[in-house]
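Here are some questions a first-year student might ask about how labels get attached to a structure. Have a look at the picture, then follow the reasoning.

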Amino acid sequence: MSTIGRLATDKQEASRINWKAYASPQHSFALAGTLMPWFFAVALLLCLAGLTVAFFIAPTDHQQGEAYRIIFVHVPAAWLSMLIYVVMAFWAGIGLIFNTRVSSMMASALAPTGALFTVLALWTGALWGKPTWGTWWVWDARLTSELLLFFLYAGFIALQSAIDDRRQADRAGAVLALVGVINIPIIYFSVQWWNTLHQGASISLTKAPTMAATMLAGMLLMTAGLWAYTVAVALYRLRCIILERERHADWVNSLMGNR
């Protein structure tokens, strides 16, 4: 083999080794600690920019007046409640298939934030629904499927907490998470499949948005900011989970001894 060929092979092997290293709790703990403050900073900046657009730049809606501004929290929260569940199920599935501990830990770290955004979406939806629909709640297909999403998050967290064996808890939670993914397209397409009070999507991948550019900008800024917050909080929670599960490992004892 030529020198260039050997160098290319060595580089590929080194790359594989580096990626595999981050599958270990010790390396993941260090990486999460490095990335976490950056995501918190990005989240703060984007959310401040989004709120500025939402309350000071975006125009008043000609039909709903100022009450519509709750969409700058409601819509990003609803989007993220679904996105986080898919990401959580992905990591849980990776942990189930490849038996990687950090993947399962990441799924556990994401679940509380997903549940939080689901509650926020339901709560802000109720606040928006009262002046718009004249009621706080209806058993609408979109609302009911979103409520089911909260129960899926709660069930995932409760199931993992109820099983003492962490590996069995991870596997059981992964099965529940993967089965629950079927609810995500139901939530998204519910306004198309059934006759509901909930309005259709204002943003579509195949159509031009039906809202003003400043409204769209504010909503996207808030979504990006809340997603950065989700990553930051998940990394923080991941570090806590790693310390709890690896508390008997030598590297954890060494780390705690140095503080």
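**How the labels are earned**

Q: Why is C240 called partly exposed?
A: This is a predicted model, and in it C240 has a relative accessibility of 38%. Partly exposed runs between 20% and 50%, so C240, at 38%, gets that label.

Q: And why does C47 count as buried?
A: C47 comes in at 15% relative accessibility. Buried means under 20%, so C47 makes the cut.

Q: How many disulfides does the rule give?
A: Zero. To count, a pair of cysteine sulfur atoms has to be within 2.5 Å, so a count of zero means that no pair passes that test.

Q: Which residues of helix α7 are buried?
A: In α7, which covers residues 183–193, they are N183, I184, I187, S190 and V191.

Q: What puts them on the same side of α7?
A: Around the axis they cover an arc of only 150°, so they sit on the same side of α7.

Q: What do the buried residues of α7 pack against?
A: Their partners are α3 (71–98), α5 (141–162) and α6 (166–180).

Q: What is the volume of the second largest pocket, and which residues are closest to its centre?
A: The volume is about 630 Å³. Of its 23 lining residues, L31, W91, V102, M106 and L238 are the closest to the centre.

Q: Which element gives the largest share of that lining?
A: That's α8, with six residues.

Q: How do the lining residues of the second largest pocket divide into nonpolar, polar and charged?
A: There are 19 nonpolar, four polar and no charged residues.

Note on methods
Residues numbered from 1 in each chain as written. Predicted model: local features only at pLDDT ≥ 70, side-chain atom pairs only at ≥ 80, totals over all residues. Heavy atoms only, no water. Buried < 20%, exposed > 50% of the residue type's maximum accessible area, 1.4 Å probe, protein only. Helix = DSSP H or I, 4+ residues; strand = E, 2+ residues; numbered from the N terminus. Arc of directions from axis to C-beta. Contact = heavy atoms within 4.5 Å. 1 Å grid on protein atoms, 1.4 Å probe; cavity = no way out; pocket = protein on both sides within 12 Å on 5 of 7 lines; lining within 4 Å. Points joined across faces, edges and corners; volume = space filled by probe spheres on them. Nonpolar A, V, L, I, M, F, W, Y, C, P; charged D, E, K, R; others polar.
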